Amino acid sequence: MTTGFQTTARFQDADGFYEQLLDAHLGLTREQSELLNARLVLTLANQIGDAQVLAQCLALARDLPGEWPDEPPTPAR
């Protein structure tokens, strides 16, 4: 289990991972690609395991600069 939120870059090979991620999507429909992303997120979240760290990751990802393709979804509460 993770003991704290990491803000420093920890990738051993970020470019290599990004290439693998793009390759994993080759030949998939949009629906299949979205399912792959969801499975990957859940698999990585399971590896992290710490609910507080996961909540911080979600908040950070949502707050990163950039444009949303549409309006961001309103979370159900």
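**Entry 1: the Glu34 and Arg30 pair**

I started at Glu34, which counts as partly exposed because its relative accessibility is 44%. I should jot down early that this is a predicted model. Next I looked up the partner of Glu34: its side chain meets that of Arg30 in a salt bridge, 2.9 Å from N to O. Arg30 has 69% relative accessibility, so I logged Arg30 as exposed, the cut-off for that class being over 50%.

Where do Glu34 and Arg30 lie? I found both in helix H2, 4 residues apart, or about one turn of the helix. A handy reminder to myself: an α-helix has 3.6 residues a turn, so residues three or four places apart point the same way. I then checked how many salt bridges the structure holds, and the count came to 1.

**Entry 2: the helices**

I stepped back to the whole chain and found 3 helices and 0 strands. Read from the N terminus, the order of elements is α-α-α.

I wanted to see how the lengths compare with expectation. H1 has 12 residues, which should span 16 Å at 1.5 Å a residue, and I noted 17 Å between its end C-alpha atoms, so the two agree. H2 covers residues 30-48, 19 residues in total. From first C-alpha to last, H2 reaches 27 Å, close to the 27 Å expected.

What comes just after each of these two helices? After H1, I met Gly27 with a positive phi of about 80 degrees. After H2, I met Gly49, whose phi is also positive, near 75 degrees.

**Entry 3: a charged patch**

Which residues gather in a patch of negative charge on the surface? I listed Asp13, Asp15, Glu19 and Asp23. Asp13 sits in the segment before helix H1, and H1 itself runs 14-25. I also checked the exposure of Asp13: its relative accessible area is 49%, so Asp13 is partly exposed. That value clears the patch cut-off, which asks for over 30%.

**Entry 4: surface totals**

I finished with the chain as a whole. Of its 77 residues, 6% count as buried. The chain exposes about 7200 Å², and I noted that carbon and sulfur atoms supply 56% of that area.

Methods:
Residues are numbered from 1 along each chain as its sequence is written. This is a predicted model: local features need pLDDT of at least 70, side-chain atom pairs count only at pLDDT 80 or more; totals for chains, interfaces and linings use all residues. Side-chain values use heavy atoms; hydrogens and water are left out. Patches are made of residues with over 30% relative accessible area and no salt bridge: like charges are joined within 9 Å, nonpolar side chains (Val, Leu, Ile, Met, Phe, Trp, Tyr) within 5 Å. Accessible areas come from the Shrake-Rupley method with a 1.4 Å probe; for residues, only the protein chains shown count as cover. A salt bridge is a side-chain nitrogen of Lys or Arg within 4 Å of a carboxyl oxygen of Asp or Glu. Lys and Arg count as positive and Asp and Glu as negative; His and the chain ends are not counted. The place of a charge is taken as NZ of Lys, CZ of Arg, CG of Asp or CD of Glu. Helices (H or I, at least four residues) and strands (E, at least two) are DSSP runs, numbered from the N terminus. Buried means under 20% relative accessible area, exposed over 50%, partly exposed in between (1.4 Å probe, protein chains only). The expected span of a helix is 1.5 Å times one less than its number of residues.
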